Amino acid sequence: MKKTLFAIILAIFTTALAACGGAAQEEGAGSEGDTKTLKVGASPVPHVEILEEAKPLLEEKGIELEIEEFTDYVLPNKALAEEDLDANYFQHEPYLQSQIADNDYKFVSAGGVHIEPIGVYSKRYKSLEDLPNGAKIIMSNSVADHGRMLSMLEEKGLIKLKEGVNKTEATIEDIAENPKNLEFEADIEAPMLTKAYENDEADAFLINGNYALEADLNPAEDAIALESPENNPYVNLIVVREGDENREEIKALVEVLQSKEIQDFIKTKYKGSVISAAQGE
């Protein structure tokens, strides 16, 4: 009898210990689950730098930010479509819309963060007015950026585009007036523009702000002309799959990137080479 009673008590005690252990494990898993992970793909400069600055602010909100760096404009959208990313941060609205049209992506913008003004760079001339008749200008082969570049040259008075053309979709063929007979070349990959500039391969170059910064150029100081930020549709966006713009983590990411802390960081670090696009700026 004593042995039987002892065995029963031992069994009850062992079961109780197992139950307590399981509850402790469940409690631990729950506490770890309080931190949510958000994976964002981005271009190196300035996007990754801005996201790195945002990391501690997101940690305060219980979000661990994982950043995947991309050096081209195609893979970040593929990775987002394949659900390898929660969001990407590298593109503006006209490019996004062209990608949606070409690839049937189900993407939306969750919010805008900054503008990188495109600049005209030249080792030979100090101003647009100095460009000679027949000057050779090299631009990237990214057709999505041609309208932006040509609109800038029209704004500066160098060319005039055809009446009625959608300026965000304009191409070299849409130039109606070219008083200086400028010669345009558009057969080089965007990341290679800075190398062509360093090698002085043309009279002038139209270079995206992020690539200029990566090459240690300061658009605000080194460009002979800079795109105006006024009424500029080329705001760099946080892009997500349709429906994900309502996720709390995505809302928190956009809130942090549009916060005064991050916008002040942009102003201080880039000194006009990257411009805040947050509301109220």
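Two strands are taken to pair if DSSP finds at least two bridges between them, and in this predicted model that criterion is met by strand S3 and strand S12 (residues 235–241), which are joined by 3 bridges and run antiparallel. Within this pairing, His92 stands opposite Asn236 in S12, and Tyr89 stands opposite Ile238 in S12. Strand S1 (residues 36–42) is likewise joined to S3 by 3 bridges, but here the two strands run parallel, with Gly41 standing opposite Asn88 in S3. In general, the strands of a sheet pair through backbone hydrogen bonds, either parallel or antiparallel.

These pairings belong to an open sheet of 6 strands with mixed pairing, whose order is S2-S1-S3-S12-S4-S13. S2 and S13 are the edge strands, each pairing on one side only. Strand S3 (residues 87–92) is largely enclosed by the rest of the structure, because 6 of its 6 residues are buried. Helix H9 lies across S1, S2, S3, S4 and S12, and runs at about 60° to S1.

From the sheet and its helices one can turn to the nonpolar interior. In soluble globular proteins, nonpolar side chains tend to be buried together. The largest nonpolar core here has 29 residues, and those with the most contacts inside it are Ile238 and Leu257. At least two residues of this core are supplied by each of S1, H2, S2, S3, S12, H9 and H10, while H2 gives the most, with 7 residues. Leaving out residues up to four places away in sequence, Ile238 touches a set of residues that includes Ala87, Asn88 and Tyr89, as well as Val108, Val113, Leu253 and Leu257. A second, separate core has 22 residues, among them Ile118, Leu131, Ala135 and Ala170.

Helix H10 (residues 260–270), one of the contributors to the largest core, has as its buried residues Ile262, Gln263, Phe265, Ile266 and Tyr270. Seen down the axis of H10, these buried residues fall within an arc of 155°, and they therefore line one face of the helix. The background to such a pattern is that an α-helix has 3.6 residues a turn, so residues three or four places apart point the same way. On the other side of H10, Lys260 and Thr268 are exposed. The buried residues of H10 pack against H2, strand S4 (107–115), helix H7 (209–214), helix H9 (248–257) and strand S13 (275–276). Just after H10, Lys271 takes a positive phi of about 50°.

Two single residues complete the tour. Gly62 is found in the loop between helix H2 (44–59) and strand S2 (63–69), and, once its neighbours within four places in sequence are set aside, Gly62 is in contact with Asp34, Thr35 and Lys36. The C-alpha atoms of Gly62 and Thr37 are separated by 8.7 Å, although these residues are 25 residues apart along the chain.

Ser151, for its part, is found in helix H5 (residues 143–155). Because buried means under 20% relative accessible area, Ser151 counts as buried at 18% relative accessibility. A polar atom of the side chain of Ser151 lies 2.7 Å from the backbone oxygen of Gly147. With its neighbours within four places in sequence left aside, Ser151 is also in contact with Leu161 and Lys167.

Note on methods: Residues are numbered from 1 along each chain as its sequence is written. This is a predicted model: local features need pLDDT of at least 70, side-chain atom pairs count only at pLDDT 80 or more; totals for chains, interfaces and linings use all residues. Side-chain values use heavy atoms; hydrogens and water are left out. Helices (H or I, at least four residues) and strands (E, at least two) are DSSP runs, numbered from the N terminus. Contact means heavy atoms within 4.5 Å. Buried means under 20% relative accessible area, exposed over 50%, partly exposed in between (1.4 Å probe, protein chains only). The arc is that of the directions from the helix axis to the C-beta atoms. A polar contact is a pair of N or O atoms within 3.5 Å; within protein, one must be able to donate a hydrogen and the other to accept it, and residues adjacent in sequence count only if both atoms are side-chain atoms. Axes are lines fitted to C-alpha atoms, for helices over the stretch in contact, and angles run from 0 to 180 degrees between N-to-C directions. A nonpolar core is a set of buried Ala, Val, Leu, Ile, Met, Phe, Trp, Tyr and Cys residues joined through side-chain atoms within 4.5 Å.
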